[in-house]
Structures are given as C-alpha cells and as structure tokens.
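Grab a pencil and work through a few short exercises. Each one sets a task and then walks through a solution.

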Amino acid sequence: MNGLRLAWSYLRIGILNEFQYRANLYIQILQTFIALAVGLIGLQLVFDQTTQLGGWSRTELLAVMGVYILMGGVIRAAIQPNMERLMDDIRNGTLDFALTKPADAQLLVSVREFRLWQTVDVLTGAIVIGVALAQLGWSLSALSALGFLSALVMGAALTYCFWLMITTTAFWFIRVNDIANLFEGLYAAGRWPVDIYPLWLRTGLTFLVPVAFAVTIPASALTGRLTFLTWLGALGLTVLFLVVSRLFWRRGLKNYSGASA
Amino acid sequence: MSLAVNVSSLTKHYQVPEREAGLKAAAQGLFKRRYRTVKAVDDISFQIPTGEVVGFLGPNGAGKTTTLKMLSGLLHPTGGSASVLDFEPFRRSHDFLRQITLVMGNRNQLSWDLPALDSFDLQRAIYGLHADEFKKTRDEFIEILEVGSLVKQPVRNLSLGERMKMEIIGALLHKPKVLFLDEPTIGLDVTMQKRIRTFVAEYNQRYGATVLLTSHYMADVEALCKRVVVIHHGKILFDGNLSALVERFSAFKTVAFTLTDSASDLTPFGEVAARDGSRVTLRVPKEKASEVTSRLLTSLQVEDLTVEALPIEDVIASVFAIPKEAA
C-alpha cells in the first residue's frame, strides 16, 4: 500500500535524523532511568502504608506503570513530534509544501517525524510490564494478551485523534503551542489507574483527554479486569474519534485554504 | 496550442480583522471584531500556453503569491475560475498535484539535518517514482547544477545558494509539467541567480514545461521570460512582451555622451540624470529623443553618444508607483 510505504520512508528519514544526535540517546536513557526510579519509589511509598489502592495490588500497579511508560514513549516518539511540527508549519506557512504533494494530507502530516530515542521508554515500559507479569505468575491468557495489544493500539489511536483535533484548532487560532505542556500534565495522571480518582476527574480523563484508554484500559486487560463490554466500548469510541478527527481536520484545512469563507 | 493555465475573472478576497491601536481597542476586539475585506486578487484573467515561461511581476502585496497559491491548489478562489492542465486546482486531486510543483524561495522543504540525497529519496516515495527513472533524473539534475559533492552534506552546512539548488532539484524530481516559482532566486548572489536561471531555462527546453515565475530581479525575468504579466493592487496592469512593457510604460529615454568641452550648459536639452566628469546622462521625453540628439550633435562638442531605453528596473518602478485609483 502506498500510505504504508510513505510512512516507512519517513520513518527511515526520522531514524537517520536521530542518528545525527547521538547525545540525545544518552540523555534519554538518563531521563528514562530517573523517571523509572521516581515511579518505583512512589509505588514503594504508597504500599508502605497500604496493601492495595482502589482495588489494585502493588504488582498490578507496577503493570499500570509499565503501560504508562510504554505509552508515553509511543506518544513522544510518534505522535507529539508530528503534531508539534504541524503547529509550526501552520504558523510559518510551510504546510503549503505538504499540501501540494499527491498524498493524503492527514497521513502526510501524521508520519513526518519520528523520535527514535524515545523508544527507550517503549522498551523500558515493556520490561516493567514483563516484570509485573512474572510477579503475577504469567497467568495471562491468550485472549487477555490479545485484549491488551488491541487496547494498546486503540489507546494510541485515541491519543492521536485527541492531539490531531487540538492541533487542528491552530488553523483558526494559529498559536496553540502550550497544549504540549497541558497534555504532559494531564497524562501524568495516568501513572495511577483512573478509578482511584473522583468521578469528575475520572470522566475528564476518560472522555476529554483519553488517559484512561491510553493507560488504564490496556493495564486492565493485563490484570484480567477488562470486560468484553468495555473493550467493545473502547472500539466504538476509537472508530468514532477517528472519523470525527478526520472530519475536523478537513474542516480546518478548508478554513486554511479559505474555502469556507 | 493547448493551454496549460487558464485563469478567468479569478478573485480572492480576505477578511482581515481590523482595530485601532491601543489596549482599549484590543480589549474590545476580544468581544466584537471588525473585519475589512481585502481584495488580494481582483478579477484577473490570463492564459498560458503549454511550454511558455511567463514572468509574473508586481510589488509586494500585489497579489502574486495569492494567485500562485490559488493555481497550486492551496487557496480556494472567492470568485472566477482557474484551471491548470485542465484540473481545478483547489480540488487538489493527486493526478493534478503529481504534475505541478511549487518553489518558494524564502521557505525550504528539505530536511535540515540530513544530506539532500536522503530528502530526495523521500520525494521519490511521496511521488511514487520508479527507482531507475528517479535515479536518472536525480543524477542528471545534480550534474547540470554541479552539486555532486554537496548532496552528501547535511543541508544545514550548505550556503543559501547551494541550498536553493537542492530545493529546486527536490522540487523537480517528479518532472512536473507546470512550475510555480515564487522568488526562486531571492537573496542569492548574481552568479547563483544565473545558475538557477539557466537551469530553469534548460528544464523548460528539455521537458517542454510551463513556468510561471515571480521575481524581484529583473535579470531573471529578462533572461527567462518573453512575456510578462504585471499585477498591481490585485488587478492586471499589463500582459504582453517585455519589450512592449518598456515601450508602453517608459515615457523617457536616456541620452548618454562624453563632452569634450565640459563647461557647456546642458539645461536646454533635458534633465541631467547623472554627470561624472565629462560623461553625462540626460533623461529626455521619448518623443523628443531624436530631436535632442541632433541638437546636441550640432551645438556641442560630444563623443560616444548613445540613446537607450530606460533600464527595465526603472520602468517597473514607475509602473509600481501608480496609485491604486489609477490602476
């Protein structure tokens, strides 16, 4: 397929680009290490006081942390850099180059950047998940594993849609650069399963910013909490978000070219 | 002859927010915005036959870039119609985009940190070019522009002119049939401008491509375009041969000569535009040029007399100085 080949070409360029900045790898490893240490200490502090948190045991929360780190890596490697470049392009007028190419514009702006070294987080997250699973006695069924993987993909897709819609508002407001910080702040809440938060915050973290789908639901699949109904709901919401964000993107693009004026 | 570009009554209006200076007005603007309609392009029509190179001239803000953007599918016209290669540009069909290119001299699209060769590969993927054909075209362009040793260096290490050469190669790898070049030589030194110019001319010759070029450097236009379209305040002021433009808008000619008797009074002959020792340049109304010349020759001791049209820059400058109401 053409789209896949295009994505692969950009991925290749992104990787080549990252090799120019070797120092970033070491900085990233250091950052990941610090974040992991802070996370583990936090977990330790909580479980010095109690044996469970909102129905989650210590080992299960380790799995949540693993998913949190992994998904954070995916977002910072593939989603956030593309959306930040899109914001810059809209502001500087360089989006014109992307729009004069014979390729789907949304696809193009979504695959242009890739931060290879952020995948250190993906790897670390996977290891933490592995450790948690080992402590849980490898009791994961094939169905749960499938549920986990599909929930991860859906979580990433929902997060992408969220970013795309926010970034698309740049077509109207031009300056939306602070959303990266806003997202980082809210995503940090995903370190813990969203069911420990009060209802209003839980609702916000589920439907406004899809932290619940990005972290809690995949982690639920790992720990045998995910029901088929929730999974189906997540699937439905993912499809809905994909469609809505595409429509929103097209609307923004129309505004950019002055077709709606 | 078939038409590559056909523009008829093309119009683009922008709504721009407007407010008085100051904090109070800015605060009011938060709630109620006043808009003003700016006619960036106001009912223009022109045709370009396949294979022609046309210079698109106008001062800053005349509507050149807006027109190029409408023709390349980036902007939706407010009114009128445009067709490029029989496509409606704003539909941005892939078949259309595959056959055009847009080069903007003040913006670049190559990856800053990578050698241009890597960015060229990306173009191949975007346009779905066949590997052998792509290589042949790429190497051919690299050879013509003599950048063989530069394509392997990160783009950020190249000079402005070298970078522009790479940009142009990248923009032409898919061998587009229509080229929209917006100030492709801006900021480049004279030699580099000439290189780019020659390359564009060669590309046009070799592939029979149609070129619409904007530039502030008249040398570009003189070298590449027989025909120019002058746009000012969103309207077309002139469309025709470059020499006809000079003929029509230049009311003056210059008469240059060397005086052997430097004390002579020259005021009866015309306005002295320059005087450097015994070398004098007079500016005289076009219709009086021959009369002034003969009077000069009979009444003064002069050598090396030449009569010339005003430099094209001066003509263009006088056209651009026409106020909006007169345009």
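The exercises below deal with a predicted model, and they go from one whole chain to its interface and then to single residues.

**Exercise 1. Get a feel for chain B.**

Task: Describe the make-up of chain B: how many helices and strands are there, and what share of the residues is buried?

Solution:
- Start with the secondary structure. Chain B has 11 helices and 13 strands.
- Next, look at the overall extent. Along the principal axes, its C-alpha atoms fill a box of roughly 75 × 60 × 45 Å.
- Now check burial. Of the 327 residues in chain B, 49% are buried.
- Turn to the outside. The chain exposes about 15800 Å², and 50% of that comes from carbon and sulfur atoms.
- Finally, ask how the chain folds back on itself. Take the contacts in chain B with a separation of 6 or more: 72% of them join residues 24 or more positions apart.

**Exercise 2. Map the interface.**

Task: Work out which parts of chain B touch chain A, and what kinds of residues they bring.

Solution:
- Count the participants. Chain B gives 29 residues to the contact and chain A gives 27.
- Look at the area. The two chains bury about 2600 Å² between them, with 59% of it on carbon and sulfur atoms.
- Find the main contributors. L74(B), L122(B) and I126(B) supply 22% of the area that chain B buries against chain A, more than any other three residues.
- Look for charged pairs. The rule finds two salt bridges across the interface. One of them joins the side chains of K69(B) and D96(A), at 3.2 Å from N to O.
- Add the polar contacts. Five residue pairs across the interface of chain B and chain A are in polar contact, both residues at pLDDT 80 or more.
- Place the side of chain B on its secondary structure. The elements giving two or more residues to it are α3 (94-97), β5 (100-104) and α4 (116-127) of chain B. The largest share, eight residues, comes from α4(B).
- Sort that side by class. You get 11 nonpolar, nine polar and nine charged residues.

**Exercise 3. Explore the surroundings of a glycine.**

Task: Take G51(B). Where is it, and which residues does it touch beyond those up to four places away in sequence?

Solution:
- Locate the residue. G51(B) sits in the loop between β2 (34-49) and β3 (53-57) of chain B.
- Decide on its exposure. G51(B) has 26% relative accessibility, so it counts as partly exposed.
- List the contacts. Leaving out residues up to four places away in sequence, G51(B) touches N204(B), G208(B), A209(B) and T210(B).
- Check one more distance. K177(B) is 126 residues away from G51(B) along the chain, yet their C-alpha atoms are separated by 8.4 Å.

**Exercise 4. Follow the salt bridges.**

Task: Take three salt bridges, E60(A) with R225(A), D89(A) with R112(A), and R197(B) with D220(B). For each, say where the partners sit and whether they are buried or partly exposed.

Solution:
- Set the scene. Over all chains, the structure holds 23 salt bridges.
- Begin with E60(A) and R225(A), whose side chains meet at 3.0 Å, N to O. They link distant parts of the chain, 165 residues apart: E60(A) is in helix α3 (residues 58-92) of chain A, and R225(A) is in the loop between α11 (211-222) and α12 (228-257) of chain A. E60(A) counts as buried because its relative accessibility is 14%, while R225(A), at 28%, is partly exposed.
- Move on to D89(A) and R112(A), at 2.8 Å, N to O. D89(A) is in helix α3 of chain A, R112(A) is in the loop between α5 (105-111) and α6 (119-135) of chain A, and the two are 23 residues apart. D89(A) is buried at 8% relative accessibility, and R112(A) is buried at 7%.
- See what else joins in. D89(A) and R112(A) belong to a network of salt bridges with R85(A), E113(A) and R115(A).
- Finish with R197(B) and D220(B), at 2.6 Å, N to O. R197(B) lies in helix α7 (residues 190-207) and D220(B) in helix α8 (residues 218-224) of chain B, 23 residues apart. R197(B) is buried, with a relative accessible area of 10%, and D220(B) is buried too, with 1%.

Note on methods. Residues are numbered from 1 along each chain as its sequence is written. Chains are lettered from A and ligands numbered from 1 in the order in which they are written. This is a predicted model: local features need pLDDT of at least 70, side-chain atom pairs count only at pLDDT 80 or more; totals for chains, interfaces and linings use all residues. Side-chain values use heavy atoms; hydrogens and water are left out. Contact means heavy atoms within 4.5 Å. Buried area is the accessible area (1.4 Å probe) that two parts lose on being put together, summed over both. A salt bridge is a side-chain nitrogen of Lys or Arg within 4 Å of a carboxyl oxygen of Asp or Glu. A polar contact is a pair of N or O atoms within 3.5 Å; within protein, one must be able to donate a hydrogen and the other to accept it, and residues adjacent in sequence count only if both atoms are side-chain atoms. Ala, Val, Leu, Ile, Met, Phe, Trp, Tyr, Cys and Pro count as nonpolar, Asp, Glu, Lys and Arg as charged, and the others, Gly among them, as polar. Buried means under 20% relative accessible area, exposed over 50%, partly exposed in between (1.4 Å probe, protein chains only). Accessible areas come from the Shrake-Rupley method with a 1.4 Å probe; for residues, only the protein chains shown count as cover.
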